Amino acid sequence: MEPQKKQRNEKRFFLSLFIIVLILFAVGSLYNNHKTGLKASETTSEDAVDVQPTKQAAPENVQPSASQEAEQVDSLSMVSGLVYRHLVAYNLVCTEAGMPLKKYPEYFSKKYAPEIQAVNVAWVRRGKSLESVLTDYDSLIYPKTQADIKKELLNIERDFVKAMKAQDAGVTPDKIDWTEEQESKLNLADACMVFDEAAEGIVEKAGFENMFRDLMNGL
């Protein structure tokens, strides 16, 4: 096989594997660390959502009870955490690792611009804005999410390396022995590179629509 063709085939395998792995871990991490921050400056595309405060009239003749209001705010914090984690937190971790994400935040912002704007409107109804609320989350919560995200990304790289070794050996990944030496060679920058290369597939296939719908129900 020609070297260039082989490299293309390996890259396709590489990205397909990581799309699957990342979809699985994204579902598991959704509800973790829900009070986090979103910065408008992280979105660079023309299609990226604007989270600046907007005037929004309060619904007439609707007076939610104190318990309903508290439940809505908690759900709002949760969905804001989802936005932060995928739009900002992964990029912060990868930037610190020397491999800032160039694709993932933009894909996520474009794909879910209506949902993100709806979250902003929900905060505006409470006299705030998504930008201001999540800027506060950023300073308070990111230090608590950083280690968790690093672990997730390194787990992804480990699964990839095992899958590549399994492909070469003609066996399934669970048949590959994993040593402490191999573990020590895991590289966060490499994991971030793969995460970003698979960005479009992850955003399109991870099923975030259902997550947004569940978290935003009743806001």
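A residue counts as buried when its relative accessible area is under 20%, and this cut-off applies at several stops of the tour below, which moves through the aromatic residues of a predicted model.

Begin by selecting F108, whose relative accessible area of 0% puts the residue under that cut-off, so F108 is buried. Then add Y104, which is likewise listed at a relative accessible area of 0% and is therefore buried. Both residues belong to helix 3, which spans residues 104–111, and because they stand 4 residues apart there, about one helical turn separates them.

Next, turn to the rings themselves. A search of the whole structure gives 9 aromatic pairs, and one of them is worth displaying now: select Y90 together with F195, whose rings make a tilted pair, with 5.1 Å from centre to centre and 45° between the planes. Y90 is in helix 2 (residues 66–96) while F195 is in helix 7 (residues 188–197), so this pair ties together parts of the chain that lie 105 residues apart in sequence. With the surface shown, Y90 has 0% relative accessibility and so counts as buried, and F195, at a relative accessible area of 2%, is buried too.

Return now to Y104 and F108 and look at their rings, which form a stacked aromatic pair with a centre-to-centre distance of 6.3 Å and an angle of 25° between the planes.

As a last selection, show Y90, Y104, F108, Y112, F195, F208 and F212 at once, since these residues form one aromatic cluster; both pairs visited on the way, Y90 with F195 and Y104 with F108, can be found within that selection.

Key
Residues numbered from 1 in each chain as written. Predicted model: local features only at pLDDT ≥ 70, side-chain atom pairs only at ≥ 80, totals over all residues. Heavy atoms only, no water. Phe/Tyr/Trp six-rings, centres within 6.5 Å; stacked < 30°, edge-to-face > 60°. Helix = DSSP H or I, 4+ residues; strand = E, 2+ residues; numbered from the N terminus. Buried < 20%, exposed > 50% of the residue type's maximum accessible area, 1.4 Å probe, protein only.
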